[in-house]
Amino acid sequence: MFDLTPTVDPADKPGFYRDLDQQLASLFEGEHDPIANAANMSALLYLAMPELNWAGFYFLPEGTDVLVVGPFQGKPACVRIPIGKGVCGTAVAKRETVLVPDVHAFPGHIACDAASQSELVVPLIRDGKVLGVLDLDSPRAGRFDADDQAGVERLVARYLASLLG
């Protein structure tokens, strides 16, 4: 059984993300299945990070140009997102993290949950290939900042490393 209670105050973002990284390392220990690890990571982030209303993955099936929803926590989600559309599709097209303080100001934002006000999307890139994205939504505008981006990018690196087995 895992104790997912953060040991560091979320206001100390570098410390908070170091703590989450250690918890992910424990969750991933000996497990290399991408779906199992995505499911556990989604649950950890959703439970540990304050002010989230959605945390989950979209995967890019090989040979396609449409992201497909994967493991997540939150309300039911959009199932398919074309590359280049919305925040998730833009992160894939640009091959970089997209931090959106106000989703209503983002051209082409796809509103899967009308309560979402801000979003952070980190692409999953391994060996130069985009495998999908990690998507975090918040009901508070301006919820994510550069510290969140750096911390979540580190967590995504942990996830990708877990797949190598």
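# Cavity, helix packing and selected residues

The largest cavity has a volume of about 150 Å³. The structure described here is a predicted model, and one cavity of 30 Å³ or more is found in it. Rolling a probe the size of a water molecule over the atoms shows where empty space is left.

## The cavity and its lining

The lining of the largest cavity is made up of 18 residues. Nearest the centre of the largest cavity lie Ile110, Cys112, Glu119, Asp135 and Asp137. Sorted by class, the lining has ten nonpolar residues, three polar ones and five charged ones.

Which elements supply at least two residues of the lining each? They are β1 (54–59), α3 (86–94) and β6 (129–138). The largest share of the lining, three residues, comes from α3.

## Helix α3

Helix α3 is mostly covered, with seven of its nine residues buried. These buried residues are Gly86, Val87, Cys88, Gly89, Thr90, Ala91 and Val92. They pack against six strands that are listed here by name: β1, β2 (66–74), β3 (80–82), β4 (98–100), β5 (118–126) and β6. Two of these strands, β1 and β6, also supply residues to the lining of the largest cavity. Just after α3 comes Arg95, which takes a positive phi of about 60 degrees.

## Helices α1 and α2

Two packed helices are described by the angle between their axes and the distance between the axes. For helix α1 (residues 13–28) and helix α2 (residues 34–48), the axes come within 10 Å and cross at roughly 150 degrees. The crossing of α1 past α2 is right-handed. On the α1 side, the contact is made by Phe16, Leu20, Gln23, Leu24, Leu27 and Phe28. On the α2 side, Asn37, Asn40, Met41, Leu44, Leu45 and Ala48 take part. By class, this contact has nine nonpolar residues, three polar residues and no charged ones.

Leu20 is one of the α1 residues in this contact. Is Leu20 buried or exposed? Its relative accessibility is 0%, so Leu20 counts as buried. Apart from neighbours within four places in sequence, Leu20 is in contact with Leu44, Leu45, Ala48, Met49 and Leu155. Of these partners, Met49 is 29 residues from Leu20 in sequence, and the C-alpha atoms of the two are 9.3 Å apart.

Asn37, found in helix α2, also takes part in the contact between the two helices. Asn37 counts as buried because its relative accessibility is 0%. Not counting residues up to four places away in sequence, Asn37 touches Phe28, Glu31, His32, Tyr159 and Ser162.

## Ser162 and Gly70

The last of those partners, Ser162, lies in helix α4 (residues 146–162). Ser162 has a relative accessible area of 7% and is therefore buried. What does Ser162 contact, leaving aside its neighbours within four places in sequence? The residues are Phe28, Glu31, His32 and Asn37. Phe28, Glu31 and His32 are thus also among the residues that Asn37 touches.

Gly70 is found in strand β2. With a relative accessible area of 17%, Gly70 falls under the 20% cut-off and so is buried. Once neighbours within four places in sequence are left aside, Gly70 is in contact with Phe57, Tyr58 and Phe59. The C-alpha atoms of Gly70 and Ile35 are separated by 7.6 Å, while the two residues are 35 residues apart along the chain.

## Positive phi in two loops

Most residues other than glycine have a negative phi, and most peptide bonds are trans. Glu51 has a positive phi although it is not a glycine, and Asp127 likewise has a positive phi without being a glycine. The table gives their values.

| Residue | Phi | Loop | Relative accessible area |
|---|---|---|---|
| Glu51 | about 60 degrees | between α2 and β1 | 39% |
| Asp127 | about 55 degrees | between β5 and β6 | 76% |

Glu51 is partly exposed, because its relative accessible area of 39% lies between the cut-offs of 20% and 50%. Asp127 counts as exposed, because its 76% is over 50%.

Conventions
Residues numbered from 1 in each chain as written. Predicted model: local features only at pLDDT ≥ 70, side-chain atom pairs only at ≥ 80, totals over all residues. Heavy atoms only, no water. 1 Å grid on protein atoms, 1.4 Å probe; cavity = no way out; pocket = protein on both sides within 12 Å on 5 of 7 lines; lining within 4 Å. Points joined across faces, edges and corners; volume = space filled by probe spheres on them. Helix = DSSP H or I, 4+ residues; strand = E, 2+ residues; numbered from the N terminus. Nonpolar A, V, L, I, M, F, W, Y, C, P; charged D, E, K, R; others polar. Axes fitted to C-alpha atoms, helices over the stretch in contact; angles between N-to-C directions. Left-handed = near helix turned anticlockwise from the far one by under 90°. Contact = heavy atoms within 4.5 Å. Buried < 20%, exposed > 50% of the residue type's maximum accessible area, 1.4 Å probe, protein only.
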